[in-house]
Amino acid sequence: MLQWSRRLLIGLNILNWAFLALFMIALVAISLRPDLVLDAIAGAKPAIDGGYMLDLFRITLLLCIPIAIAAHAIFTRLIAMIDATKAGAAFTLDNARRLRAIGWWLLATQVIDAAYGWLSFEMSRISGEVFGWQPSLTAWLAVLLLFVLARIFEQGAAMREELEQTI
């Protein structure tokens, strides 16, 4: 099961970077030819300020960069935890640090998601179309859970070290 999970995380990390590349290609394309996007906006909704909408869309694409970095950090730390567990060292200070780092990276994604929420509401307000977004209570709870688990792993590592010293 761990090997399958490791492969899945590697695959997800590759997809993460591939999608970021596609989003950056889209960003470059709309920066080189904004007239195409502005014409499409004007054709669909003539009353909309196309320039402002285009700026919001560019910001949305730019937010993909820190999200991809955070996803990479989360995936690589999970892979390292799997490797440590396979080696018989699950409750270590390194894994506790990895869990804490994952918690911080996940927190960063939630803050960025809130920024995306504002962009979504703003684009909905301007266009009259619904750009779906809602905050994820589950993800915010996952952030807290990761910090708690990191502390539990620290305690487990300390107990393991104490046990090894007595033997």
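Reader: How do you know that α4 spans what is expected at 1.5 Å a residue?

Author: In this predicted model, α4 has 23 residues and reaches 33 Å from its first C-alpha to its last, close to the 33 Å expected. The expected span is 1.5 Å times one less than the number of residues, so the reach can be set directly against that rule. Just after α4, Gly88 takes a positive phi of about 90°.

Reader: What about α5, how far does α5 reach from its first C-alpha to its last?

Author: With 35 residues, α5 reaches 50 Å, close to the 51 Å expected. A glycine follows here too: just after α5, Gly128 takes a positive phi of about 80°.

Reader: Which residues of α4 are buried, and what do the buried residues of α4 pack against?

Author: The buried residues include Cys64, Ala68, Ile74, Phe75, Met81 and Ala84. Together, the buried residues of α4 pack against α1 (2-32), α3, α5 and α6.

Reader: Why does Glu122 count as buried or exposed?

Author: Glu122 has 11% relative accessibility, and buried means under 20%, so Glu122 counts as buried. Glu122 sits in helix α5 (residues 93-127), where Glu122 touches Tyr52 and Leu56, leaving out residues up to four places away in sequence.

Reader: And why is Arg58 called partly exposed?

Author: At 22% relative accessibility, Arg58 falls between the 20% cut-off for buried and the 50% cut-off for exposed, and therefore counts as partly exposed. Arg58 belongs to helix α3 (residues 50-62). Not counting residues up to four places away in sequence, Arg58 touches Leu27, Ile30, Ser31 and Pro34. The C-alpha atoms of Arg58 and Phe23 are separated by 10.0 Å, with the two residues 35 apart along the chain.

Reader: What makes the largest nonpolar core a core, and which residues are in it?

Author: The residues are Ile74, Met81, Ala96, Leu99, Ile102, Leu106, Val143, Leu146, Ala150 and Phe153. They count as a core because they are buried residues of nonpolar kinds joined through side-chain atoms within 4.5 Å. The elements that give two or more residues to this core are α4, α5 and α6 (137-166). Another core lies apart from it, with nine residues, among them Ile41, Met53, Leu63 and Ile126.

Reader: Which residues does Leu146 touch?

Author: Setting aside residues up to four places away in sequence, Leu146 touches Leu99, Ile102, Gly103 and Leu106.

Reader: Let's turn to pockets. How many residues of each class are in the lining of the largest pocket?

Author: The lining has six nonpolar, three polar and one charged residues. Asp113 is in the lining, and Asp counts as charged. The lining also includes Thr60, Leu63, Cys64 and Tyr116. About 200 Å³ of space lies in this pocket, and α5 gives the most to the lining, with six residues.

Reader: How many charged residues are in the lining of the second largest pocket?

Author: There are no charged residues there; the lining has 10 nonpolar residues and one polar. Thr60 is in this lining, and Thr counts as polar because Thr is in neither the nonpolar nor the charged list. The second largest pocket has a volume of about 170 Å³. While α2 (34-44), α3 and α5 each supply at least two lining residues, α3 gives the most, with five.

Note on methods
Residues numbered from 1 in each chain as written. Predicted model: local features only at pLDDT ≥ 70, side-chain atom pairs only at ≥ 80, totals over all residues. Heavy atoms only, no water. Helix = DSSP H or I, 4+ residues; strand = E, 2+ residues; numbered from the N terminus. Buried < 20%, exposed > 50% of the residue type's maximum accessible area, 1.4 Å probe, protein only. Contact = heavy atoms within 4.5 Å. 1 Å grid on protein atoms, 1.4 Å probe; cavity = no way out; pocket = protein on both sides within 12 Å on 5 of 7 lines; lining within 4 Å. Points joined across faces, edges and corners; volume = space filled by probe spheres on them.
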